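User: I am new to reading protein models and would like to go through one slowly. Could we work by question and answer, with the reasoning spelled out each time?

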Amino acid sequence: RSSRSHFGSRDLLRLRFRLLLQVGIRHCPFSSPAMGSVKTLTVKMHLAKKLKQNRPLPQWYRMKTGTKIRYNKFRRHWRRGKIGL
């Protein structure tokens with residue numbers, strides 16, 4: 001038998017994260033990356049379109065359709081529904 005202890009994959013990630021914190025890196029590079037402040041034009045246009053789409057249904061449209069369409073079913077919460085860039 002070898003004298004080495006067996007680490008699981010989560011234990012190795014925790015150990016790496018702890019070492020990175022000691023060095024001075026505050027975020028975990030193994031988790032999903034956050035949106036950077038530098039964006040390409042295509043990404044920016046895509047985000048702007050999604051921002052414009054994420055609004056309630058206008059009241060005049062409810063009157064026009066005779067309240068058959070009552071709400072925007074594609075409404076997205078900023079934390080729950082992801083865009084998928």
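User: Does Thr40 count as buried, partly exposed or exposed, and what is its relative accessibility?

Analyst: Please keep in mind that this is a predicted model. Thr40 sits in the loop between H1 and H2, and its side chain is joined to that of Thr42 by a polar contact of 3.3 Å. Buried would need a value under 20% and exposed one over 50%, so Thr40, falling in between, counts as partly exposed, at a relative accessibility of 47%.

User: Which elements make up the protein chain, and in what pattern do they follow one another?

Analyst: The protein chain has three helices, while the number of strands is zero. Reading along the sequence therefore gives helices in the pattern α-α-α.

User: Which element of the protein chain has the highest mean pLDDT?

Analyst: Over the whole protein chain the pLDDT averages 81, and 78% of the residues score at least 70. Among the elements, helix H1, which covers residues 9-23, has the lowest mean, 76, whereas the highest, 95, belongs to H2.

User: How far apart are the end C-alpha atoms of helix H2, and what span should its residues give?

Analyst: Helix H2 runs over residues 41-53, which makes 13 residues, and at 1.5 Å a residue these should span 18 Å. The expected span uses one less than the number of residues. The distance between the end C-alpha atoms agrees with this expectation, because it is also 18 Å.

User: How many of the 13 residues of H2 are buried?

Analyst: For the protein chain as a whole, 4% of the 85 residues count as buried. H2 lies largely in the open, because the number of its 13 residues that are buried is zero.

User: Are the rings of Trp60 and Tyr61 stacked or edge-to-face?

Analyst: The structure holds one aromatic pair. The ring centres of Trp60 and Tyr61 are 5.7 Å apart and their planes stand at 85°, and since an angle over 60 degrees is the cut-off, the pair is edge-to-face.

User: Which of these words fits Trp60 and which fits Tyr61: buried, partly exposed or exposed?

Analyst: Trp60 has a relative accessible area of 57%, so it is exposed. Tyr61 has a relative accessibility of 27%, which means that it counts as partly exposed.

User: What is phi of Thr67, and where is this residue found?

Analyst: Most residues other than glycine have a negative phi. Thr67 is a residue other than glycine with a positive value, and its relative accessibility of 35% makes it partly exposed. Thr67 is found in the segment after H3, and its phi is near 55°.

User: Which residues does Asn72 touch, not counting those up to four places away in sequence?

Analyst: Asn72 lies in the segment after helix H3, which covers 59-64. Its side chain reaches the backbone oxygen of Arg55 at 3.0 Å, and a polar atom of that side chain also lies 3.1 Å from the backbone nitrogen of Phe74. Leaving out residues up to four places away in sequence, the residues that Asn72 touches are Gln53, Arg55 and Leu57.

Definitions and conventions. Residues numbered from 1 in each chain as written. Predicted model: local features only at pLDDT ≥ 70, side-chain atom pairs only at ≥ 80, totals over all residues. Heavy atoms only, no water. Helix = DSSP H or I, 4+ residues; strand = E, 2+ residues; numbered from the N terminus. Buried < 20%, exposed > 50% of the residue type's maximum accessible area, 1.4 Å probe, protein only. Phe/Tyr/Trp six-rings, centres within 6.5 Å; stacked < 30°, edge-to-face > 60°. Polar contact = N/O pair within 3.5 Å; in protein donor to acceptor, adjacent residues only side chain to side chain. Contact = heavy atoms within 4.5 Å. pLDDT = per-residue confidence, 0-100.
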